[in-house]
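Dear colleague,

I am handing over the structure below, together with some notes on what turned up when I went through it. Please read them with the model open beside you.

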Amino acid sequence: MKNLFILFYETRSLTLRNELVELNIGLARKVAHQMEKVSTQSYEDLEAWAIVGLVKGVERFNPF
């Protein structure tokens, strides 16, 4: 997976970004599930925000 991050950093390919998000979407869902216990927001809203955060994290990640 490290190579995908480096390749995305170098090319900024949307296809690679989407692949990285898909590979890590389970993490976003897990965080949303955990936050559901302490939040008044619905799971769907929390999941949407977690995915937005994941996309931003992938886009801002600097492997160097």
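I will begin at threonine 11, which lies in helix H1, and I should say at once that the model is a predicted one. Threonine 11 counts as partly exposed, its relative accessibility being 45%, and its side chain reaches back to the backbone oxygen of leucine 7 at 2.9 Å. Between the C-alpha atoms of threonine 11 and arginine 60 there are 13 Å, although the two residues stand 49 apart along the chain.

Arginine 12 belongs to the loop between H1 and H2, and its backbone deserves a look, since phi is near 55 degrees, a positive value in a residue other than glycine. Like many such details, it is best checked on the display; as for its surroundings, arginine 12 has a relative accessibility of 43% and therefore counts as partly exposed. Serine 13 then caps the N-terminal end of H2, with a side-chain oxygen placed 3.3 Å from the backbone nitrogen of threonine 15.

Helix H2 covers residues 14–36 and bends by about 50 degrees at asparagine 24. Asparagine 24 is also among the buried residues of H2, a list that further includes Leu16, Leu20, Val21, Ile25, Ala28 and Ala32. What do these buried residues pack against? Their partners are helix H1, residues 2–11, and helix H3, residues 43–60.

Arginine 17, which is likewise found in helix H2, may be the residue you will want to inspect next. Is arginine 17 buried or exposed? Its relative accessible area is 18%, and because buried means under 20%, arginine 17 is classed as buried. Its side chain makes a polar contact with the side chain of asparagine 18, at 3.0 Å. When neighbours within four places in sequence are left aside, arginine 17 is in contact with Phe8, Val55, Val58 and Glu59; Phe8 falls within the range of H1, whereas Val55, Val58 and Glu59 fall within that of H3.

Further along helix H2 lies glutamine 34, which is partly exposed, with a relative accessible area of 43%. Glutamine 34 and glutamate 44 are ten residues apart in sequence, and their C-alpha atoms are 13 Å apart in space.

Turning to the protein as a whole, three helices and zero strands are present, so that the order of elements from the N terminus reads α-α-α. The C-alpha trace spans about 40 × 20 × 15 Å along its principal axes. Of the 64 residues, 25% count as buried, while the accessible surface comes to about 4,800 Å², with 57% of that area belonging to carbon and sulfur atoms. Among contacts between residues at least 6 apart in sequence, 49% join residues at least 24 apart. The protein has 8 positive and 8 negative charges, and the mean positions of the two sets are 7 Å apart.

With kind regards

How values were computed
Residues numbered from 1 in each chain as written. Predicted model: local features only at pLDDT ≥ 70, side-chain atom pairs only at ≥ 80, totals over all residues. Heavy atoms only, no water. Bend = angle between axes of the 7 residues up to and from the residue. Helix = DSSP H or I, 4+ residues; strand = E, 2+ residues; numbered from the N terminus. Buried < 20%, exposed > 50% of the residue type's maximum accessible area, 1.4 Å probe, protein only. Contact = heavy atoms within 4.5 Å. Polar contact = N/O pair within 3.5 Å; in protein donor to acceptor, adjacent residues only side chain to side chain. Areas by Shrake-Rupley, 256 points an atom, 1.4 Å probe, with all protein chains shown as cover. Lys, Arg positive; Asp, Glu negative; His and termini not counted. Charge placed at Lys NZ, Arg CZ, Asp CG, Glu CD.
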